[in-house]
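User: I am new to this structure and would like a close look at a single part of it. Please take me through that part and what surrounds it, in short sentences.

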Amino acid sequence: EPVLLGSTGFINPGYDYKLLFSVLEKMEIDWKFVWIGGLRNNENEKILENLKQMIISREWQNRFIITGWVSDEKQNELLQKLDIYLSLFNYRSSSATVSRAIGALKPIIATEIPIIKELNECTEKSPVLAVKNDPESVIGAIRKIMEDSRFREDLLWKVRRYSENRYFSNMADKLLLIYGRFCR
């Protein structure tokens with residue numbers, strides 16, 4: 001059974017596709033990759049076409065899937081199937097894609113862009129495994145998650161705790177407590 005890796009969101013210039021393809025080329029274990037999402041607008045159509053050509057040139061048509069736009073329900077269904085979520089951005093990302101992976105309780109490997117560094121500095125129990133922007137770091141993290149069950153369980157526990165503490169109703173309860181203290 002291949003390791004199922006994936007990402008979500010719009011095809012965009014901020015994502016480090018060069019790093020992703022380098023990681024996939026150097027992986028020593030069997031893998032499949034799914035990009036859950038598609039284009040937001042026509043401006044990034046060239047990026048999508050380049051990705052498709054790279055997939056074809058490597059003969060990865062059965063290993064690398066780009067879903068295109070899917071409903072939230074379908075996106076959640078696909079996220080549940082992933083073994084590891086990859087957030088490999090060059091310089092920026094919206095937190096929405098990482099939040100969605102956290103909500104799906106997936107192990108997340110992310111490059112050290114500012115939002116990931118900030119997330120890791122905010123809590124010692126970060127739900128995201130931050131890595132350098134190089135293939136060896138990403139592959140090492142994938143290998144560690146897949147081969148070290150204790151490490152994987154610890155990472156998943158952190159994701160679960162982080163998610164539970166920031167669940168909408170918990171956040172609302174915390175805000176109500178804060179407001180209650182000021183309104184007395």
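Analyst: **From a loop into the sheet**

Leucine 105 counts as partly exposed, because its relative accessibility of 34% falls between the cut-offs of 20% and 50%. The model is a predicted one. Leucine 105 sits in the loop between helix H4 (95–103) and S5. Its phi is near 60°, a positive value in a residue other than glycine. Why note the sign? Most residues other than glycine have a negative phi.

Glutamate 59 also has a phi near 60°, again a positive value in a residue other than glycine. Glutamate 59 belongs to the loop between helix H2 (45–57) and S3. Glutamate 59 is exposed, because its relative accessible area is 67%, and the cut-off for exposed is over 50%.

Now follow the loop of leucine 105 into S5. Strand S5 is part of an open sheet of six strands. The order across the sheet is S3-S2-S1-S4-S5-S6, and the pairing is parallel. Strand S3 (64–66) and strand S6 (128–131) are the edges, as each pairs on one side only. From one strand to the next, the twist averages 25°.

Strand S4 deserves the closest look. In the sheet order, S4 stands between S1 and S5. Two bridges join S4 to strand S1 (residues 3–8), and the two strands run parallel. Leucine 5 has isoleucine 84 of S4 as its bridge partner. Glycine 6 has tyrosine 85 of S4 as its partner. On the other side, three bridges join S4 to S5, and this pair also runs parallel. Here the bridge partner of leucine 86 is isoleucine 109 in S5.

Are the faces of S4 covered or open? Both are covered. Ile84 and Leu86 lie on one side, Tyr85 and Ser87 on the other, and all are buried.

Serine 87 lies in S4, which spans residues 84–87. Serine 87 is buried, because its relative accessible area is 3%, and the cut-off for buried is under 20%. Leaving out residues up to four places away in sequence, serine 87 touches Tyr15, Val98, Ile109, Ala110 and Thr111. Ile109 is the bridge partner of leucine 86 as well.

What packs on the sheet? Helix H1 (residues 17–26) does. H1 touches S1, strand S2 (31–36), S3, S4 and strand S5 (108–111). The direction of H1 makes about 160° with that of S2.

H1 has a helix partner too. H1 and helix H6 (residues 135–147) pack at an angle of about 55°, and their axes are 9 Å apart. That angle makes H1 oblique to H6. The crossing of the two helices is right-handed.

Which residues meet there? From H1 come Leu19, Ser22, Val23 and Lys26. From H6 come Pro135, Glu136, Val138, Ile139 and Ile142. These residues divide into six nonpolar, one polar and two charged.

Put the pieces together. Leucine 105 is in the loop that precedes S5, S5 is bridged to S4, and S4 is covered on both faces. Helix H1 touches both S4 and S5, and H1 also packs with H6.

Technical notes:
Residues numbered from 1 in each chain as written. Predicted model: local features only at pLDDT ≥ 70, side-chain atom pairs only at ≥ 80, totals over all residues. Heavy atoms only, no water. Helix = DSSP H or I, 4+ residues; strand = E, 2+ residues; numbered from the N terminus. Buried < 20%, exposed > 50% of the residue type's maximum accessible area, 1.4 Å probe, protein only. Contact = heavy atoms within 4.5 Å. Pairing = 2+ DSSP bridges. Axes fitted to C-alpha atoms, helices over the stretch in contact; angles between N-to-C directions. Parallel < 35°, antiparallel > 145°, perpendicular 65-115°, else oblique. Left-handed = near helix turned anticlockwise from the far one by under 90°. Nonpolar A, V, L, I, M, F, W, Y, C, P; charged D, E, K, R; others polar.
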